[in-house]
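Visitor: I have a structure open here and would like to talk through how some of its parts fit together. Could you walk me through it?

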Amino acid sequence: MSPSTEQPQPSGIKVIIVGAGFAGLTAAIECHRKGHEALVLESFAELKVLGDIISFGPNAGRIFERWPGVPEQLDPICIKTKGLTYKSYLGDYLFYQSWDKERSYGKAYNGHRGEIHEIVYNHALSLGIEIRLDQKITEYFEDEKEAGVVSNGQRIVGDIVLAADGVRSTGRTLVLGYEDKPKSSGYAIYRAWFDSAGIANNPKTKYLVENGDTHSAWLGPDIHFLAASIKDGKDFSWVCTHKDEADVEEGWQEPGRVEDALKVLEGWDPIVHEIVKATPFLVDWKLVYRDPMPTWISPKGRIALIGDAAHPFLPTSVQGASQAMEDGATVAVCLALSGKNKVPEALRAFEKIRYGRVLAAQKTGETTRDTWHKADFDKIKENPESLKLVREPWLMDHDAEAHAYKVYPETIALLGVDKEPIVEAAQLRMVEVA
């Protein structure tokens with residue numbers, strides 16, 4: 001069986017989705033495409049256009065492209081560059097990584113998180129998917145026949161529940177059987193998005209915006225700084241990952257200060273300093289990690305964690321949002337193939353199909369961060385391409401929907417004989433942006 005754009009007959013499967021981020025909305029839209037009934041419960045009272053730059057690789061792009069009208073809305077607001085320019089923290093040119101090969105895998109969509117999310121959210125509404133805002137989930141429950149949540153005091157029941165409520169997911173406690181608290185990773189990120197007028201009016205930085213979109217990376221000891229101009233140079237975004245030992249219990253995200261960012265970047269390329277000085281507002285975002293989960297599926301097989309709730313990513317993977325979308329596409333296919341009477345089988349197959357791929361994708365983020373932060377800059381000019389982002393075919397040239405249809409039968413056969421956890425917790429250290 002292969003992917004189809006036609007609306008199938010109703011499957012009779014009711015899917016309750018907790019969280020209206022990219023994992024939750026993708027799951028809802030893909031479940032709708034497969035004939036399942038989706039209900040989305042979101043904690044925010046209203047959804048605002050917030051955030052800064054987010055990246056979706058071609059592996060996520062092909063999911064967008066199955067949603068009529070969405071690519072046409074995304075294209076004008078997404079960055080259009082041919083590659084990434086690498087420099088040392090002192091401003092020395094290192095090399096240029098072209099996206100030409102990546103384009104053969106399909107189209108990437110990189111832009112403002114809030115603007116992209118608004119388009120996806122409105123597409124879900126246009127399909128008639130019910131999304132309830134201002135929902136407080138106080139309980140998850142399941143038995144052999146159904147699963148559900150208690151939201152705003154109301155008991156809501158379906159065939160399965162997908163917990164897509166991010167890194168602080170309350171669903172993790174149910175799946176694990178205990179509460180796992182975040183731990184400091186020793187890193188944080190300053191993040192910013194703003195109108196590029198200040199960059200354009202500065203003779204030192206105007207080259208970053210006057211000829212359309214650009215993408216640049218400055219790399220130094222235990223720090224990297226990425227800057228991009230978007231919308232033909234009209235908007236500007238930058239992120240700076242650096243060492244940070246703050247107590248995560250004090251707050252994971254808070255307003256940042258330009259003077260603090262400049263102190264972190266002391267001795268760096270003056271261009272970087274000019275970019276930071278032109279910034280009207282920035283966010284100080286703490287990177288924390290949790291111990292890995294040996295499973296994403298609840299004991300009775302009717303509740304699954306997806307997206308950041310299951311597998312948070314380092315930003316240097318440039319795959320967190322894409323893998324969240326792959327989760328949504330995959331679980332919808334598995335439910336379509338299992339049928340209403342075997343939904344626990346579908347969720348276990350979903351986990352089996354996704355777990356190893358997600359693990360490999362997560363490791364690219366760790367590898368890139370360590371490569372960038374631990375580079376010997378006296379020797380790196382001998383082999384500057386060793387710094388490049390991992391954009392390999394196995395990661396980028398992947399169709400999650402088609403893959404799920406292809407491997408579902410053999411996965412079900414494996415589940416019949418393989419009852420062991422997919423990977424021991426000690427084998428993986430998950431890092432997340434909280």
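Guide: One term is needed before we start: contact means heavy atoms within 4.5 Å. Please also keep in mind that this is a predicted model.

Visitor: Okay, which residues of H10 and H13 meet?
Guide: On the H10 side they are Glu326, Ala329, Thr330, Val333, Cys334, Leu337 and Ser338, and these meet Ala400, Glu401, Ala404, Tyr405 and Tyr408 in H13. By class, this contact of H10 with H13 has eight nonpolar, two polar and two charged residues.

Visitor: And at what angle do H10 and H13 pack?
Guide: Helix H10, residues 320-338, and helix H13, residues 400-415, pack at about 35° with their axes 8 Å apart, and the crossing of the two is right-handed.

Visitor: What about H11 and H13, how do their axes cross?
Guide: The axes of H11, residues 343-373, and H13 come within 9 Å and cross at roughly 110°, which means that H11 is roughly perpendicular to H13. H11 contributes Glu345, Ala346, Arg348, Ala349, Lys352 and Ile353 to the contact, while H13 contributes His403, Ala404, Val407, Tyr408, Thr411, Ile412 and Leu415. By class, the contact of H11 with H13 has eight nonpolar, two polar and three charged residues.

Visitor: Switching topic: how many residues of H9 are buried?
Guide: Six of the eight residues in H9, which spans 270-277, are buried, so this helix is largely enclosed by the rest of the structure. The buried ones are Ile271, Val272, His273, Glu274, Ile275 and Val276.

Visitor: What do the buried residues of H9 pack against?
Guide: They pack against several elements, among them strands E12 (183-195), E13 (215-220) and E14 (223-230), as well as helix H8 (258-264).

Visitor: Which backbone angles should I look at?
Guide: Most residues other than glycine have a negative phi. Asparagine 152, however, has a positive phi near 50°, and its place is in the loop between strands E9 and E10. Aspartate 232, also not a glycine, has a positive phi of about 60° and lies in the loop between E14 and E15.

Visitor: Is aspartate 232 buried or exposed?
Guide: Aspartate 232 is exposed, with a relative accessible area of 53%, whereas asparagine 152, at 48%, counts as partly exposed.

Visitor: Last thing, what is the average pLDDT, and where does pLDDT stay under 50?
Guide: The protein averages a pLDDT of 88, and 92% of the residues score at least 70. Over residues 1-5 the pLDDT stays under 50, and the model has nine contacts beyond four places in sequence for them. Over residues 417-434 the pLDDT is also below 50, and this stretch has 49 contacts in the model beyond near neighbours in sequence.

Notes. Residues are numbered from 1 along each chain as its sequence is written. This is a predicted model: local features need pLDDT of at least 70, side-chain atom pairs count only at pLDDT 80 or more; totals for chains, interfaces and linings use all residues. Side-chain values use heavy atoms; hydrogens and water are left out. Axes are lines fitted to C-alpha atoms, for helices over the stretch in contact, and angles run from 0 to 180 degrees between N-to-C directions. Helices (H or I, at least four residues) and strands (E, at least two) are DSSP runs, numbered from the N terminus. A crossing is left-handed if the near helix is turned anticlockwise from the far one by less than a right angle, and right-handed if clockwise. Ala, Val, Leu, Ile, Met, Phe, Trp, Tyr, Cys and Pro count as nonpolar, Asp, Glu, Lys and Arg as charged, and the others, Gly among them, as polar. pLDDT is the predictor's confidence in each residue, from 0 to 100. Angles under 35 degrees count as roughly parallel, over 145 as roughly antiparallel, 65 to 115 as roughly perpendicular and the rest as oblique. Buried means under 20% relative accessible area, exposed over 50%, partly exposed in between (1.4 Å probe, protein chains only).
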